[in-house]
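Visitor: Please show me the sequence and the structure. I should then like to put some questions.

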There are 2 protein chains.
Amino acid sequence: MTTIARLAETAALIGDPARAAMLYALMDGRAFTAGELAQAAGITPPTASGHLAQLVTAGMLAVEPQGRHRYFRIASPEIGGIVEGLMAVTANRVDRLPNPGPRDPALRKARICYDHLAGELGVALFGSLAKAGHINVSPEGAGLTASGTRLLDRLGIEWPESRRLACRPCLDWSERRHHLAGQAGAAICSAALARGWVRRRQGTRTLDITPAGAKAFADSFGVRLG
Amino acid sequence: MTTIARLAETAALIGDPARAAMLYALMDGRAFTAGELAQAAGITPPTASGHLAQLVTAGMLAVEPQGRHRYFRIASPEIGGIVEGLMAVTANRVDRLPNPGPRDPALRKARICYDHLAGELGVALFGSLAKAGHINVSPEGAGLTASGTRLLDRLGIEWPESRRLACRPCLDWSERRHHLAGQAGAAICSAALARGWVRRRQGTRTLDITPAGAKAFADSFGVRLG
DNA sequence: TCGATGTTTCGTCCGCGCCCGAAGCATTCG
DNA sequence: CGAATGCTTCGGGCGCGGACGAAACATCGA
C-alpha cells in the first residue's frame, strides 16, 4: 500500500463522525467500554463495535478485556496528539465562530489532554517550568533539568525512570501554544488529581482548580492564572 | 456545529485518497495548478476542481490565481504539520511493513517538509543546532539564541524579523524525531537550495546533498551524516 | 475577433460504507 | 444450569459523496 493511501486511510478513520466522537470521548485518557462509547457517539452497540474494531486494527485504540466488558483506550500519546492537533487546526478555521477552541470557559481554563494537563493551566505550567529552568526542551525529546528533577522530588511526584521523553511539548487546542505532555506531564497531572489540586467534572475532560490547587500551583510551580 | 463534527470534518477532508494525494503533492511547499494536482491524484480536472474547492473553503489550501491558471498551496505550516504528523502515526502502524516511513532511501536521507529540511539531514541539523546552543526551544515557540543569530548572520542567512516562532519543532515522518521548522528552518532551507548545498530532484520532495553541501553542513553547523 | 487552453459548473451514475435489527457467542450471577 | 448482560457477527437497506462527460466560463495568444 502506498504512503498516500495509508495517509488517507488514517485520516478517514478519524473522519467519521461516530469514530471522531469516540476518540474525543477517549481524549481524557480514561478507558471506556464499547457500550459507553456507543452511547457517547449516539449509535447502537453493533455499529460501535464495528467502528471500534477498525480503530483497534489500525492501532489507534488499545483494548483491554475485563470480564464481559471490553475497555478501549487511546493507544499512544502520539495518537492523542494528532487528534488534539486536528482540533487545533479545525478551530483555526474561521468559518463561523470568532474564537477558536472550545466555547466552555471552564474547559478552556483547565482540562485533561490524554494524560496530562491542558488549557490555560497546562500552558501556564509549561511556561513557568521552562522559565524557571526546570525543563529544557531539546530536539530529541525534552527532559527535566537537574533543578526540575529536584523540584519534583521535593514535591514527592514520581514518574517511571525512563529518561527519554520525560517531557514532551503538546500543542494546546484552545490556547494554541504548547503545554507539558510526556511522562513528567502525566505524573504532575495524576499528582494534581490525587492531591485535590484539581477535580475532574463528572464524566468530562474539564478540570476545576481547587483553592488548595491554586495555592499549590502558585507556590510550587510559580503558576498564576488570571 | 459541534467540536466533534468539525474534528471529523477536517479529518475526513484529508481522508479522501484523491485529496490526500493532492495534499501530499503540495507537502514540499510549492504551489501547483489545478490541472497538475488532478494529474497527481489520478483524477480528471472536474473532479479535482471540486476537491480543491473543498480544501480551500476549509482553509487548508490557499489559492493564487495567475492568468488562466490557479495555483494552490498549503495554507499554513500548521496544516503541513498535521499532514506530516498523520503520516508519522500512519507509518507507526505495523500492519505489514517492518520499518516506518518512506521506503526510498534518498527520501529518508533528505527531503523538504513544507518549507524546511526534513529526513536525516533535518533531524541532524536540529540536533546539532540545539547541542551547540544555537537554538533554545522554549514552550511558547522556540527561538534562536544569541549565538544562533550570530551564526546565521555570519552565514548571511536572513529571515523575516518576526521573533515569534523563528524556530518550531516538527515531528519527522521517517525519523520520528523532531526537525527544524519555523522561519529559521525555512530560511536555512532556502539558503541551502540557493547555494547548491542540496539539489531538489525533479518534481519530488527528495533532496540530494551535494559535496559542497556536505562540507557546508559539517563546517557551518557541525552536521555529520553517516 | 477567434481559436486554444485551463478551470469550473451541471447532471448523472454508481459504489462504498454507515446504520440498524436480529441472531449468535461469551461471561457473570442467581 | 438457566437467565441476564455485554459484545460481536450477519444480512439488508439506504444515503452520501466521489467519479465522469458535456458544456459553460475565463483568460491568453494570434
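Guide: A polar contact is a pair of N or O atoms within 3.5 Å; within protein, one must be able to donate a hydrogen and the other to accept it, and residues adjacent in sequence count only if both atoms are side-chain atoms. The model is predicted: local features need pLDDT of at least 70, side-chain atom pairs count only at pLDDT 80 or more, and totals for chains, interfaces and linings use all residues. Side-chain values use heavy atoms, with hydrogens and water left out, residues are numbered from 1 along each chain as its sequence is written, and chains are lettered from A and ligands numbered from 1 in the order in which they are written.

Visitor: Which residue has a polar backbone atom 3.0 Å from a phosphate oxygen of DNA strand D?
Guide: Near means that a heavy atom of the residue lies within 4 Å of the strand. The closest of the 19 residues around DNA strand D are A:Gly35, A:Ser49, A:Arg70, B:His51 and B:Gly67. The side chain of B:His51 places an N or O atom 2.5 Å from a phosphate oxygen of this strand. The backbone atom at 3.0 Å belongs to A:Gly35.

Visitor: Which element gives the largest share of the surface near DNA strand D?
Guide: Helices (H or I, at least four residues) and strands (E, at least two) are DSSP runs, numbered from the N terminus. Two or more residues each come from helix H3 (34–41), helix H4 (45–57) and strand S3 (69–74) of chain A and from helix H4 (45–57) of chain B. The largest share, four residues, comes from H4(B).

Visitor: What percentage of the atoms of DNA strand C within 4 Å of the protein do sugar and phosphate account for?
Guide: DNA strand C is surrounded by 20 residues, with A:Thr47, A:His51, B:Gly35, B:Ser49 and B:Arg70 the closest. Sugar and phosphate account for 74%.

Visitor: At what distance does a polar side-chain atom of A:His51 lie from a phosphate oxygen of DNA strand C?
Guide: Phosphate oxygens of this strand also lie 3.1 Å from a side-chain N or O atom of A:Thr44 and 2.8 Å from a polar side-chain atom of B:Ser49. For A:His51, the distance is 2.5 Å.

Visitor: Why do S1 and S2 of chain A each have one side without a neighbour in the sheet?
Guide: Strands pair if DSSP finds at least two bridges between them. The open sheet has the order S1-S3-S2 (chain A), with antiparallel pairing. Strand S1 (32–33) and strand S2 (61–66) stand at the edges, so each has a single partner strand.
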